Each structure stands twice: as structure tokens, then as C-alpha cells.
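This briefing introduces a structure to a reader who has not met it before. Please keep the sequence and the three-dimensional view at hand while reading.

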Amino acid sequence: MTSIVLLGTQWGDEGKGKIVDLLTSEASTVVRFQGGNNAGHTLVVGGKKTVLHLIPSGVLRANVTCLIGNGVVISLDKLSEEITSLENQGVSVSDRLRISLGCPLILDYHIAIDKAREAHLGANQIGTTKKGIGPAYEDKIARRAIKLSDLSDEIIFREKLRLLDDYHNFALTQYYRQEPVDISMVFDKTMGNWEKVKGLTDDVSNLLKQHFDNNQNIIFEGAQGAMLDIDHGTYPYVTSSNTTIGSVFTGSGIGPKYNENSIGITKAYTTRVGAGPFPTECTDSAGNFLAEKGNEFGSTTGRPRRCGWLDLVALKYACELNGITQLCITKLDVLEGLSQLHICTAYKTKDGADLFYPLEIFELEKISPEYVTFSGWSEGTKGARTFDSLPLQARDYLNFISDALKIDISIISTGADRDDTIMLRNPFCRND
Ligand code: GDP
Ligand code: IMO
Ligand code: MG
């Protein structure tokens, strides 16, 4: 039995969904442990695209159990929609999905506050997905959240909802000058959704213990990326959960002793959706090339993603934060056709001093990235399945990353499809 953790090491959208789906051929269980439906994880199998927001990316494999741990904030509207949409496409979900009773709910109050706050911030807005993620996590930390377990008792739910309604509608109407949310609509909708999902709720921590005792391979699927971590990311331009390794355990209710490998998923370049510092951002033709060729539009909001060169300063920081043992580089094929490539290896101040993460925002704005330049290649990466078939320039590019970080690359992704992959090493194999 082995468990592996897959984490985004940049600002999200590294291709986590594709890699989780790929590796699930060897796993019996996939677990989401943080975030919510701000995530958009894309799976492409035989040309057919599926975008998942809450349901773990193992769902397309018929025998895989999908678990949602207590660290995930749940919109029951979106969860029901996602289950129905998958089942309409012939994917069985209800028999394989188990959701922790400890998950806090995202309600319409949280979505309304998220939107109102962003509007209020104007030019300083975070660029959230407006899914209510931040306000829902705030309620959890403030100990007023409604958890799934509260829905089994209508009286408890009604009373907790009344308190939330007072609190959030006061902020919405008196501070943000917005319309209040209608409590009876929220009550009815939530109870209706509860009828649909209550049979899927469980004690995920205990289920995981059983899976481990039964010697099963388990994948922990991260959402977002290290640079969006609430503690370690580019605060305040971050999401409201810990996206780094500690969340795996607190967000699923299992200790770290079973974890064999922590795989860092990294795009061969960098993207960011939403506001905030992005030292290697390219606003020139190279940036446009990456955006177009990489089809860089948010899987959840459809917003264009900002694009730039690979940032080894940020990546090294992300790998250290997470104790990454193996790397997976995605979207290598997108670089095909660029005459020159750059990798950022240092951030320098005007005086030539090196800067490292964690950095304050104001420092980030004052720095200039230092780059190493590589020759590009014009063909041979799209859909490649073996390392040796890659152009020499692409191999040089990958070897440079691995050498600089002193971490082996296990997987290289060369296209969106599940099969467009080079597997150098099986992450489930022990590291002896
Ligand atoms: P996630 O949030 O980390 O799961 O990533 P997203 O699904 O939001 O974004 C990754 C996008 O890149 C999706 O559209 C994927 O289908 C696509 N993708 C993943 N890997 C590759 C790859 O190696 N090459 C190309 N061209 N596209 C990829
Ligand atoms: P996946 O799992 C990319 C970003 C938002 C915004 C910030 C805060 O698909 O990689 P939030 O709605 O979470 O309060 O927004 O975080 N963000 C993501 N960016 N991929 C994601 O998820 C993201 N989830 C949140 O764009 O900048
Ligand atoms: Mg995504």
C-alpha cells in the first residue's frame, strides 16, 4: 500500500487533474482535502474533455472511490450539478463518492459577500473566482460555519442558519449596500440538496484508515498551487486555504506516515489567473504565444490566464515548502515553436542582491528576474511518449530544471490527453 500526494507548485492550473486521472490507473482511491469549486481540473480521455470542480479526478475510472475530506468547502448546489452532469454522461458517481460530514457549506451569503467585497475593493481586488470560498473559510475559522453534519437535524440547521443570516445580511445591506439573501430560499434549497446527497456522507477519516489497512493505493489531489497558499503564497493575492502539504492531513483526517511521494506538478512555463505579483510575466509576443498555444483560459471562470516564463525561484520555494520528492512537468508541447526560451533563476534587487521567498509584495515589485536562455525547438514534443524521442533542446530544458532543483522528474506531459505522457518513473514505487 502506498499513498502519494499531488500538489500544484505554481499559481494553480498546472495540470493536476490530468495527472491524477492518469495515475488513478494504479489507485483505488482519490481524495480532495482543501479548496472548493474554485478549482477546475480538466481531464481529457480519448479526445473527450471533462472539467471537475469538486469531485476528485479519479471519477472517470469505474472502480475508484472518490473521497471529499473535511478540509473542502462545499457548495451543495454545485456538487449536485456536478454529480448530475457526470451521471447524465454515463459516469457512475453516487456509488463511489463519499463526502465528509465535517465539510463546511458554501451558502449564497458567502457568494454574495465574495462578489460585494471584490466590487468594493475596486482596483485592489484579488480577482477571486467569486464562488464564496474566502467567506466560507472565514466562517469556519470564526466557528459559525454550518457543516454538512448540521443538516441531519432540521432544528439545529434552522437555528444556525438564522445566526448566519443575521450576520451576513447585516454586512451585505449595511456595509456593502447590496440586496440581502433570502433565508427561506437558502433553507429550502439546502434541505432539497441534502436529500440528494445525504446518502453520500461519511466519516472520511475512518474510511481512509480502512483503505490503508486494506493495502490500497491512495492519491491525495491538491487544488490551486503553493503560491496561492494562505500562509506561504503571495498574500493577500492568494486563496483562503492552505494549498501546501499540511492540508493533506488536516483536510482528510489521516496522519502523514503513509505518504510515499509528494509529487510537485509544474507547468513548463508559468500562468496565473487573478491579480497579484507575477515576476516572470510576459506581456509581449512570447506571453501571447503561450496563452494561445496553451489555450490559457481559466477552467472555472473562463478568464484569460496571465502567462510567463518558468520561475525557478518560486518553484524551489514551493518544492521546499512541500517536501517535494518527484516532479511532474506538464504542457511541454506548448513551448514547441518558440525560437528561444527563458528560465528565471534569481530575483535581483537594483543593487544586485538576491531575493528569496517569502517576499513582501512591495519587494516583488522592485525586483528584476534574472534569466538563463535556452534554444527552442520546432517539433517533436506534441504527444511524445518517450524521453529519448524528445528534441535535444527540450531534454536540455528539462534536465536544467531537475538539476537546479535537485529533484527527479517522474512524469512529463506532452498533450492534454491522458495518453500524451512520458512516464519516467512510477510514483507509487517505493523510494528505497
Ligand atoms: P489543474 O487545475 O491543475 O487541473 O489544471 P487545469 O485543468 O485548470 O488547466 C490545465 C489545462 O491544460 C487543461 O486545459 C488541460 O486539459 C491542459 N493540459 C494538461 N496537460 C497538458 C499538456 O501536457 N499539454 C497541453 N497542451 N495541455 C495540457
Ligand atoms: P485549480 O485547482 C488557478 C485564484 C483566483 C484568485 C485567488 C483567490 O484549478 O488549480 P478564490 O476564489 O480561491 O478566493 O480566489 O485564487 N484561484 C485559482 N487560480 N487555479 C485554481 O484552482 C484557483 N483557485 C483559486 O483566481 O486569484
Ligand atoms: Mg484549474
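Which residue of β18 is the bridge partner of Ile 412? The partner is Ile 422. The model shown here is predicted. Ile 412 also serves as the bridge partner of Ile 329, and the strands that hold these residues are described under the first heading below.

**The ten-stranded sheet**

- An open sheet is built from 10 strands, ordered β7-β6-β5-β2-β8-β1-β9-β13-β17-β18, and its pairing is mixed.
- At the edges of this sheet are β7 (201-202) and β18, each of which pairs on one side only.
- Strand β17 covers residues 408-413 and is largely enclosed by the rest of the structure, because five of its six residues are buried.
- Strand β13 (residues 326-330) pairs with β17 in the parallel sense over four bridges, and within this pairing Ile 329 meets Ile 412 of β17.
- Strand β18 (residues 421-423) pairs with β17 in the antiparallel sense, over three bridges.
- Elsewhere in the sheet, four bridges link strand β1 (residues 3-8) and strand β8 (residues 218-221) in the parallel sense; Leu 6 stands opposite Glu 221 in β8.
- As a general point, the strands of a sheet pair through backbone hydrogen bonds, in either a parallel or an antiparallel manner.

**Strand β14 and its partners**

- Strand β14 (residues 340-348) has seven of its nine residues buried, so the rest of the structure largely encloses this strand.
- The pairing of β14 with strand β12 (residues 310-311) is parallel and has two bridges; Asp 311 has Cys 344 of β14 as its bridge partner.
- β14 and strand β16 (residues 368-375) run antiparallel and are joined by eight bridges; Leu 341 has Phe 374 of β16 as its bridge partner.
- β14 and strand β15 (residues 354-355) also run antiparallel, joined by two bridges, and Tyr 347 is matched with Leu 355 of β15.
- A hairpin is formed by β14 and β15, with five residues between them. In its turn, Gly 352 has a positive phi of about 90°.

**Helix α1**

- Helix α1 is mostly covered, with eight of its eight residues buried.
- These buried residues include the charged side chains of Lys 16, Lys 18 and Asp 21, and among the others are Ile 19, Val 20, Leu 22 and Leu 23.
- Together with β3 (41-45), α1 (16-23) is one of the elements that give two or more residues to the shell around ligand 1.

**The surroundings of ligand 1**

- There are 19 residues around ligand 1, and those that come nearest are Lys 16, Thr 42, Ser 299, Asp 333 and Ser 413.
- Two glycines approach oxygen atoms of ligand 1 through a backbone N or O atom: Gly 15 at 2.8 Å and Gly 415 at 3.1 Å.
- A side-chain N or O atom of Lys 331 lies 2.9 Å from an oxygen atom of ligand 1.
- Ligand 1 exposes 580 Å² when taken alone, and the protein buries 92% of that area.
- The shell around ligand 1 contains three nonpolar, nine polar and seven charged residues.

**The surroundings of ligand 2**

- There are 20 residues around ligand 2; Asp 13, Lys 16, His 41, Thr 129 and Thr 239 come nearest.
- Lys 16 is thus listed among the nearest residues for ligand 1 and for ligand 2.
- A polar side-chain atom of His 41 lies 2.7 Å from an oxygen atom of ligand 2.
- Backbone atoms also approach ligand 2: a backbone N or O atom of Gln 224 is 2.8 Å from an oxygen atom of the ligand, and a polar backbone atom of Val 273 is 2.9 Å from an oxygen atom of the ligand.
- On its own, ligand 2 has 550 Å² of accessible area, of which the protein covers 98%.
- Seven nonpolar, 10 polar and three charged residues make up the shell around ligand 2.
- Why does ligand 2 lie between domain 1 and domain 2? The reason is that domain 1 (3-90 + 204-423) and domain 2 (108-199) both give residues to its shell.

Methods:
Residues numbered from 1 in each chain as written. Chains lettered and ligands numbered in written order. Predicted model: local features only at pLDDT ≥ 70, side-chain atom pairs only at ≥ 80, totals over all residues. Heavy atoms only, no water. Near = heavy atom within 4 Å. Polar contact = N/O pair within 3.5 Å; in protein donor to acceptor, adjacent residues only side chain to side chain. Areas by Shrake-Rupley, 256 points an atom, 1.4 Å probe, with all protein chains shown as cover. Domains from an automatic or database assignment. Buried < 20%, exposed > 50% of the residue type's maximum accessible area, 1.4 Å probe, protein only. Pairing = 2+ DSSP bridges.
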